[in-house]
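Have a look at the fold below before reading on. We'll start from one residue and work outwards to the overall shape and the hollows.

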Amino acid sequence: MMNEAKKIALVTGASRGLGAALALELSKTHHVMAVARTTGALEELDDKIQAIGGSATLAPMDITDKGAMAHLCRSIHDRWGGVDIWAHTAIYGPAMMPTPDLDDKGWKRAMDLNVEATRNLIFMLNPLLSDSSTALFFHDDHAGEKYFAGYGATKAAQMALVGSWAAETTKLGPNVVITSPKPLATSMRTRFFPGEDRSVLARVEDEALRLLQDAGLR
């Protein structure tokens, strides 16, 4: 049970793209804990949340910092008791390149953020999630596609972790949901597909609402 009347939504990767759109939409019904590395972008998000009458707590930190995440989770426990919704959108896409050219730096960052940080966060946040809480994850399957070795492999590993957790929690909770956004007009997709016609891509604001509705959160 939460210590304050308003429910708590944690968004990891909240500074831009789908994460920012989800944080803004969730702020209509929840107090949002917004986590991302970019302080300026979080402050812009906070301005938007306040403009629609919502509230947020900003946590400018790197989710790959295990100590910082442990401190964050303890702070959430001490202040609110738990989390009602956790939306995990933080992701790293290494530059597209032939598989033999994938460099150590890009591969390690993708493994650390997409896989290891997800594992750590599941471990740390599981005690903060009740049987009625929802953990929301986002599928983006590029496994086996040419030039997608770094992103495709680590995103697939992330989904394997989450899929196992979802299978394990079907009876006792929390409700672990894996959903698939439509192709979005985000900066990461622009890096992947620089010549793409962005006018045919979904708006992150529209997808945020649709995905929450599909997950039974709207």
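## Starting from Leu-10

Setting aside residues within four places in sequence, Leu-10 makes contact with Met-33, Val-35, Ile-76, Val-83, Ile-85, Trp-86, Ala-87 and Leu-125. Bear in mind that this is a predicted model. Leu-10 belongs to strand β1, which covers residues 7-12. Is Leu-10 buried or exposed? Leu-10 has a relative accessible area of 1%, and the cut-off for buried is under 20%, so Leu-10 counts as buried. One of its partners deserves a second look: Trp-86 sits 76 residues away along the chain, yet the C-alpha atoms of Leu-10 and Trp-86 are separated by 4.7 Å.

## Over to Ser-133

Ser-133 is part of strand β5, which runs over residues 129-138. With a relative accessible area of 1%, Ser-133 is buried too. Its side chain reaches the backbone nitrogen of Ser-130 at 2.9 Å. Not counting residues up to four places away in sequence, Ser-133 touches Val-83, Asp-84, Pro-174 and Asn-175. Val-83 turns up here as well as in the list for Leu-10.

## The whole fold

Stepping back, the protein is built from seven helices and six strands. Read from the N terminus, the order is β-α-β-α-β-α-β-α-β-α-β-α-α. The radius of gyration is 17 Å, close to the 17 Å that the globule rule gives for 218 residues, so the protein is as compact as a globular protein of that length. Along the principal axes, the C-alpha trace spans about 50 × 35 × 30 Å. Buried residues account for 48% of the 218 residues. Among contacts with a separation of 6 or more, 69% are between residues 24 or more positions apart.

## Pockets and a cavity

Now for the hollows, side by side.

| Hollow | Volume | Lining by class |
|---|---|---|
| Largest pocket | about 1100 Å³ | 21 nonpolar, 13 polar, nine charged |
| Second largest pocket | about 210 Å³ | six nonpolar, two polar, four charged |
| Largest cavity | about 30 Å³ | three nonpolar, one polar, three charged |

Which residues lie nearest the centre of the largest pocket? They are Thr-89, Ala-90, Ile-91, Tyr-92 and Met-188, out of a lining of 43 residues. Several elements each give at least two residues to that lining: α1 (17-26), β2 (30-36), α4 (104-125), β5 (129-138), α5 (149-168) and α6 (187-192). The largest share, five residues, comes from α6. Strand β5, where Ser-133 lies, is thus also one of the elements that help to line this pocket.

The second largest pocket draws at least two lining residues from each of α1, α2 (39-51) and α7 (204-214). Helix α1 contributes to the lining of the largest pocket as well. The full lining of the second largest pocket is Ser-15, Arg-16, Gly-17, Ala-20, Ala-21, Leu-24, Ala-41, Glu-44, Leu-45, Lys-48, Val-204 and Glu-205.

How many cavities of 30 Å³ or more does the structure hold? There is one, and it is lined by Arg-189, Thr-190, Phe-193, Pro-194, Glu-196, Arg-198 and Leu-201.

Key: Residues numbered from 1 in each chain as written. Predicted model: local features only at pLDDT ≥ 70, side-chain atom pairs only at ≥ 80, totals over all residues. Heavy atoms only, no water. 1 Å grid on protein atoms, 1.4 Å probe; cavity = no way out; pocket = protein on both sides within 12 Å on 5 of 7 lines; lining within 4 Å. Points joined across faces, edges and corners; volume = space filled by probe spheres on them. Helix = DSSP H or I, 4+ residues; strand = E, 2+ residues; numbered from the N terminus. Nonpolar A, V, L, I, M, F, W, Y, C, P; charged D, E, K, R; others polar. Buried < 20%, exposed > 50% of the residue type's maximum accessible area, 1.4 Å probe, protein only. Polar contact = N/O pair within 3.5 Å; in protein donor to acceptor, adjacent residues only side chain to side chain. Contact = heavy atoms within 4.5 Å. Rg over C-alpha atoms; globule rule 2.2 N^0.38 Å.
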